[in-house]
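This report looks at an annotated binding site and at a pocket. The sequence and the structure come first.

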Amino acid sequence: MATADDYRYMARAIELARRGLYTTHPNPRVGCVLVKNGQMIGEGYHRRAGELHAERNAIADAGGSAEGATAYVTLEPCCHHGRTPPCTEGLIEAGVARVVMAMQDPNPLVAGEGARRLRDAGIEVESGVLESQVRELNPGFIRRMDSGIPYVRCKLAMSLDGRTAMNSGESKWITGPAARADVQRLRARSDAIVTGIGTVLADDPSMNVRLEMGESNEPAQPLRVVLDPMLEMPSTAKMLKLPGRTLVICSCEPQARGKALAEAGAEVVMLPGSSDGIELRQLLQHLAERQINEVLVEAGSTLAGAALWQGLVDELVVYAAPHIMGNGGRGLFHLPELELMQDRVELEISDVRMVGRDMRMTIKPKR
């Protein structure tokens, strides 16, 4: 049975795992603490995909004194060879006596097998300590492993009367500098940013991460995804000149327009859809095949409304600015006309806080 110390040391492992929030994808964020005789002797976290995992970093930090220790790790240790060797082997070779993990790894390549190998080696294994906190840390990895699609987070900015743009389309800037900086952190933790061709034609956005975090923690640029059914995107778009990759999704044969975008640096992929839009579930399945864990949708009311209406949005992050934009302004979502109260889209607000002069609400649709 887990003790108070188990919860305390696991909390530290979770704190370490958070250091990889912007850098580990497509891998999960994982932290590890080694404890011996009531003292922490080693710490580690997974810094970046392709580098050593948290357990091996903690063992190295312990400097050869891990024999008989308890390892607190936020996710079941891996037992398969990837770009790095299995962590189960590292723990067994180091001679740890006990492993406390927050949760089982949902990856089918591990999923209980890591714990079994540890037990077969005579190591005591305990699971379920602070599991909910670890699930919140890795929603995309868990979602992709469990359902085959990424975790979808939709970012929206509005005035106090629910407007996202003036009737003319003008929308810069609804929110203040603090909220815009907060959005950069949302982008940094995402594997992909999705927008529609309407936003590209109206705003020519960069869709990149602009954070300075030091070389060791520098976030990778998310994949920029533009839904462009009829390939209207100009080859001179700003994002095509920036570091990082741009994926243009169309529903028509690419032909000459697709060739021009490819020459400008974009990757063009055709998916099912029509001239009005791309099949969004097909899009998410395609992104999951690319090992995309977390998707940030930054788009207008049509795409945001379609994703919400189809039940594909896991989380809404809405910034509300303290001003009024009037009846002519554009709304948050374009949805079918709802005539009855029972047809409402039910939401649950999980967090509300001030970000500078603006209010940020984290909202989850009720399934």
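UniProt positions are given in the numbering used here, and annotations may be inferred rather than shown by experiment. The model is predicted. In the unreviewed UniProt entry, the annotation "binding site" covers Ser171, Arg187, Asp203, Arg210 and Glu298.

Two of the residues in that annotation, Arg187 and Arg210, are set out below.

| Residue | Place | Relative accessible area | Class |
|---|---|---|---|
| Arg187 | helix H7 (residues 177-188) | 10% | buried |
| Arg210 | loop between helix H8 (197-203) and strand S8 (223-227) | 49% | partly exposed |

Arg187 counts as buried because its relative accessible area, 10%, is under 20%. Leaving aside residues up to four places away in sequence, Arg187 touches Ile193, Met207, Asn208, Val209, Arg210, Pro222, Leu296 and Glu298. With the same residues left aside, Arg210 touches Gln184 and Arg187.

The second largest pocket has a volume of about 840 Å³. Helices H5 (131-137), H6 (139-147) and H7 are among the elements that give two or more residues to its lining, as are strands S6 (151-159), S14 (315-321), S15 (347-355) and S16 (358-365). H5 gives the most, with four residues. In total 25 residues line this pocket, and Glu136, Arg153, Arg189, Glu315 and Thr362 lie nearest its centre. The lining divides into 14 charged, eight nonpolar and three polar residues.

Where does the second largest pocket lie with respect to domain 1 and domain 2? It lies between them, because both domain 1 (4-138) and domain 2 (148-365) give residues to its lining.

How values were computed
Residues are numbered from 1 along each chain as its sequence is written. This is a predicted model: local features need pLDDT of at least 70, side-chain atom pairs count only at pLDDT 80 or more; totals for chains, interfaces and linings use all residues. Side-chain values use heavy atoms; hydrogens and water are left out. Buried means under 20% relative accessible area, exposed over 50%, partly exposed in between (1.4 Å probe, protein chains only). Contact means heavy atoms within 4.5 Å. On a 1 Å grid over the protein atoms alone, a cavity is a set of points where a 1.4 Å probe fits but cannot get out, and a pocket is an open set with protein on both sides within 12 Å along at least five of seven lines; lining residues have an atom within 4 Å of a point. Grid points are joined across faces, edges and corners, and a volume is the space filled by probe spheres set on the points. Ala, Val, Leu, Ile, Met, Phe, Trp, Tyr, Cys and Pro count as nonpolar, Asp, Glu, Lys and Arg as charged, and the others, Gly among them, as polar. Domain bounds come from an automatic or database domain assignment.
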